[in-house]
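The following exercises are to be worked with the sequence and the coordinates at hand. Each task is followed by a solution in steps.

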Amino acid sequence: MALADHPQERVARFAEALQRFNLIDETELLEARLIDFIEAAWPWVDSAEFQRSWAVDAICQHLEAVTRGDIRKLLINVPPRCTKTT
């Protein structure tokens, strides 16, 4: 599957297009998904470039599920080199 065909990439491109047409505002985009908020806020957290990984995506998805009440208890083990320290 090419990167351009990845569902998240298509959603991101669609969101960018909507934002250009002022149909939705940046705040709504960042509140919709935790990973988007983290990526946007990263420059204030660390001077290094944000490197998105499967682990960070999975953590965000699970934390969103906790927020919705889909998951009541959550234990997260993080592999090396996946921004654990930060």
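**Exercise 1. Determine which residue pairs with Arg52 in a salt bridge, and whether each partner is buried or exposed.**

Solution. In this predicted model, Arg52 forms a salt bridge with Asp57, with 2.9 Å between the closest N and O atoms. A salt bridge requires a side-chain nitrogen of Lys or Arg within 4 Å of a carboxyl oxygen of Asp or Glu, and the pair Arg52 and Asp57 is listed as one at 2.9 Å. Next, consider accessibility. Arg52 has a relative accessible area of 34% and is partly exposed. Asp57, at 14%, is buried, because buried means under 20% relative accessible area. Finally, look for shared partners: salt bridges join Glu39, Arg52 and Asp57 into one network.

**Exercise 2. State how many salt bridges a search of the whole structure finds, and describe those of Asp36 and Asp70.**

Solution. The search of the whole structure finds four salt bridges. As a general point, side chains of opposite charge can pair when their charged atoms come close. Asp36 forms such a bridge with Arg33, the closest N and O atoms being 3.6 Å apart. Asp36 is partly exposed, with a relative accessible area of 24%. Arg33 is likewise partly exposed, at 24%. The side chains of Asp70 and Arg68 meet in a further salt bridge, at 2.9 Å from N to O. Both Asp70 and Arg68 are exposed.

**Exercise 3. Describe how helix 3 and helix 4 pack, and classify the residues of their contact.**

Solution. Two packed helices are described by the angle between their axes and the distance between the axes. For helix 3 (residues 34–45) and helix 4 (residues 54–68), the angle is about 125 degrees and the axes lie 8 Å apart. The two helices are therefore oblique to each other. On the side of helix 3, the contact is made by Leu34, Ile35 and Ile38. Helix 4 contributes Val56, Asp57, Cys60, Leu63 and Glu64. Sorted by type, the residues of this contact divide into six nonpolar, no polar and two charged.

**Exercise 4. Identify the buried residues of helix 3 and explain why they line one face of the helix.**

Solution. Begin with the list: the buried residues of helix 3 are Ile35, Ala41 and Trp42. Seen down the axis of helix 3, these buried residues fall within an arc of 145 degrees, so they line one face of the helix. The cover over the buried residues of helix 3 includes helix 4. Turn then to the face of helix 3 that points away from its buried side, where the exposed residues Pro43 and Trp44 are found.

**Exercise 5. Locate Glu16 and give its degree of exposure.**

Solution. Glu16 lies in helix 1 (residues 7–20). Its relative accessibility is 48%, so Glu16 counts as partly exposed. For its relation to Leu29, compare sequence and space: the two residues are 13 residues apart along the chain, and their C-alpha atoms are separated by 9.3 Å.

**Exercise 6. Summarise the secondary structure, the burial and the contacts of the protein.**

Solution. The protein has four helices and zero strands, and along the sequence the pattern reads α-α-α-α. Of its 86 residues, 16% count as buried. Among contacts with a separation of 6 or more, 38% are accounted for by residues 24 or more positions apart.

Terms used. Residues are numbered from 1 along each chain as its sequence is written. This is a predicted model: local features need pLDDT of at least 70, side-chain atom pairs count only at pLDDT 80 or more; totals for chains, interfaces and linings use all residues. Side-chain values use heavy atoms; hydrogens and water are left out. Axes are lines fitted to C-alpha atoms, for helices over the stretch in contact, and angles run from 0 to 180 degrees between N-to-C directions. Angles under 35 degrees count as roughly parallel, over 145 as roughly antiparallel, 65 to 115 as roughly perpendicular and the rest as oblique. Contact means heavy atoms within 4.5 Å. Ala, Val, Leu, Ile, Met, Phe, Trp, Tyr, Cys and Pro count as nonpolar, Asp, Glu, Lys and Arg as charged, and the others, Gly among them, as polar. Buried means under 20% relative accessible area, exposed over 50%, partly exposed in between (1.4 Å probe, protein chains only). The arc is that of the directions from the helix axis to the C-beta atoms.
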